[in-house]
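Got your viewer open and ready? Let's take a walk through this protein, one selection at a time.

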Amino acid sequence: MSLRARLGLAAGVAVALAVIAVAISAYEGTRSTLQNQLDTSIHSLAQPELIAANRPPNTFTPERGGLAPNARSGRPSSSSDPDEGLGLDSRGPQAFGGPSGAFTIVYPSGTTYSPANQRYSIPASAQARATAASGRGQYFTDMTVNGVHIRVLVAGIGPKGALMVALPRTDVDRTLNHELLVLIIIAAAGVALAAVLGLLVARTALAPIGRFTRRTESIAADPDPERQRLEVTGRDELSRLAQTFNATLDALASSVRAQRNLVADASHELRTPIATIRANLQLMREEERLSESDRQALRDDMIEELDELTALVGDVVELARGSKPGATTSEVRLDAIVGQALERARRRSPNLRIDAELEPALVLGDGERIARAVTNLLDNARKWSPPDGAIKVTLANGTVTVRDHGPGFQEEDLPFVFDRFHRARDARSKPGSGLGLAIVRQAAEAHGGSARAGNAPDGGAVVTVSFGPPLKLDEGDSDINARDAAVSALVRVAEPVPRASSDEGSPAPPAPQPTPSSARRDA
């Protein structure tokens, strides 16, 4: 069942229930009013007889102009006066043609007496005989006598028994039946009208949703999410939905653009090492014509290009992970990760002085990803530091700051420092793909942190990175590395380490020597 049909059905059912409830209430109200009026009429009709039944003997009866019958005769009412002195046999017609009603006396013995001028008598039920035996109580009841529906008042009259007075319910039943028929017709018409109006209302209410659906279907059929957007008018719920959908399309378009740019930039960057490797392989076909030194240089060049290609592929794979946090995270000691990265940086650049001030810090995240970001920071600083230059690394409040004394960033390059494959003009002649700082920012954002870049007042670049809010560090938490004991307080390392071999077992190449006016960019 469609949403329109469900809404129409719900609206129709709601209105139908309301119409039926109103009809039932109207019928019950009319029935109660008419029955109360009939009960009042019966009670008024029986009032003189009830007063006469409870009047003491030898009492003047103003409505009949004399003494009560029992007082006049002095005979026992049960034998000399069957109507117990109520004058039922002498009742005349009511004034102005009012209903005369039917009367029946129920004696305490259970027998009944009806006036001689009545064609019918009211049958006494067991409850009526009980009331006559006690002579007390009063209630109304319904009976059917000779096919006539009547309303009966049964009232105790003391030792004389009980008096039953009845009026027919014919007029009341006829009125109620007529009203019931009218209400059924009205309710049926109301239900049908409610169903039609419910469908119309559902159709009108869902018309904007239908247009919205058709528009989204046309957008979904278009492979380019940047070309179409939903029109937003008003401030209702559908407008908010359209705004949310447009925001989703914007995010999708941004993701598609980033993906396209990543693929295009990666393919562009891959062309150079692949072309170089291909050219070298073609030369290797005729290596017998080359001298031994040329062959060795050719092999070294191929290995260097393969290393660059491997690093580039690794960087692209890292960027493809996006800024979402990893599937597995744990508490890691940020100071230990920075300390290990410092040791590698000193081995690779023994001519540089690397100072460090590290406070113990505990963060929640992916240790491998954080380590790669910190390594990229240090590699970028080493790359742009002058020979025998100094690099200062600070870790405070969970934030890593790396400052070098190189040429710094050009002002026009600062907004693009962390963009993928962006390289400053003077950095294009240097090794690297332009992905190092992009990986740093992505890792920081994946951990709920941020990355900022700027220039120091006295020259050099300053890059600050945080990896989310630091956690509370227990005093006895020192199980990550034996070196953690040295950084339990503030650690200051200022002396350069002696020259050592690199991680790969070969001597580390000297740091590049930039000119004073050159711009710097990440590795």
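**First stop: Leu-9**

Start by selecting Leu-9, which sits in helix 1. A quick word on what you're looking at: this is a predicted model, where local features need pLDDT of at least 70, side-chain atom pairs count only at pLDDT 80 or more, and totals for chains, interfaces and linings use all residues. Residues are numbered from 1 along each chain as its sequence is written, and side-chain values use heavy atoms, with hydrogens and water left out.

Leu-9 counts as partly exposed, with a relative accessible area of 49%. (Buried means under 20% relative accessible area, exposed over 50%, and partly exposed in between, using a 1.4 Å probe and protein chains only.) Now add Met-1, Val-13 and Leu-17 to your selection: together with Leu-9 they form a nonpolar patch on the surface, with about 430 Å² of accessible area. Patches are built from residues with over 30% relative accessible area and no salt bridge; nonpolar side chains (Val, Leu, Ile, Met, Phe, Trp, Tyr) are joined within 5 Å, like charges within 9 Å. Accessible areas come from the Shrake-Rupley method with a 1.4 Å probe, and for residues only the protein chains shown count as cover.

**Zoom out for a second**

Show the whole thing as a cartoon. You'll find 10 helices and 15 strands, which are DSSP runs numbered from the N terminus (helices are H or I with at least four residues, strands E with at least two). Of the 523 residues, 39% are buried.

**Along helix 1: salt bridges**

Next, pick Glu-28 and Arg-31. Their side chains meet in a salt bridge, 3.1 Å from N to O. (That term means a side-chain nitrogen of Lys or Arg within 4 Å of a carboxyl oxygen of Asp or Glu.) Why can these two pair up along the helix? They are 3 residues apart in helix 1 (residues 3–53), so about one helical turn separates them. Glu-28 is partly exposed at 36% relative accessibility, and Arg-31 is partly exposed too, at 30%.

Stay in helix 1 and select Asp-39 with Arg-151: here is another salt bridge, with the closest N and O atoms 2.7 Å apart. This one ties together distant parts of the chain, since Asp-39 is in helix 1 and Arg-151 is in strand 6 (residues 148–156), 112 residues away. Are these two buried or exposed? Both Asp-39 and Arg-151 are buried. Add Asp-142, Arg-169 and Asp-173, and you have a network of linked salt bridges. The structure holds 12 salt bridges.

**Over to helix 7**

Select Asp-300, Glu-304, Asp-307 and Glu-308, which gather in a patch of negative charge on the surface. Asp and Glu count as negative, Lys and Arg as positive, while His and the chain ends are not counted. Each charge is placed at NZ of Lys, CZ of Arg, CG of Asp or CD of Glu. Glu-304 is in helix 7 (residues 292–320) and is exposed, with a relative accessible area of 52%.

**Last stop: helix 9 and two loops**

In helix 9 (residues 367–384), Asp-379 and Arg-382 are 3 residues apart, about one helical turn. They form a salt bridge at 2.8 Å between the closest N and O atoms.

Then hop to Asp-388, in the loop between helix 9 and strand 11 (390–396). Asp-388 has a positive phi of about 55 degrees, although it is not a glycine. Most residues other than glycine have a negative phi. Finish at Asn-146, in the loop between strand 5 (138–145) and strand 6, where phi is near 55 degrees.
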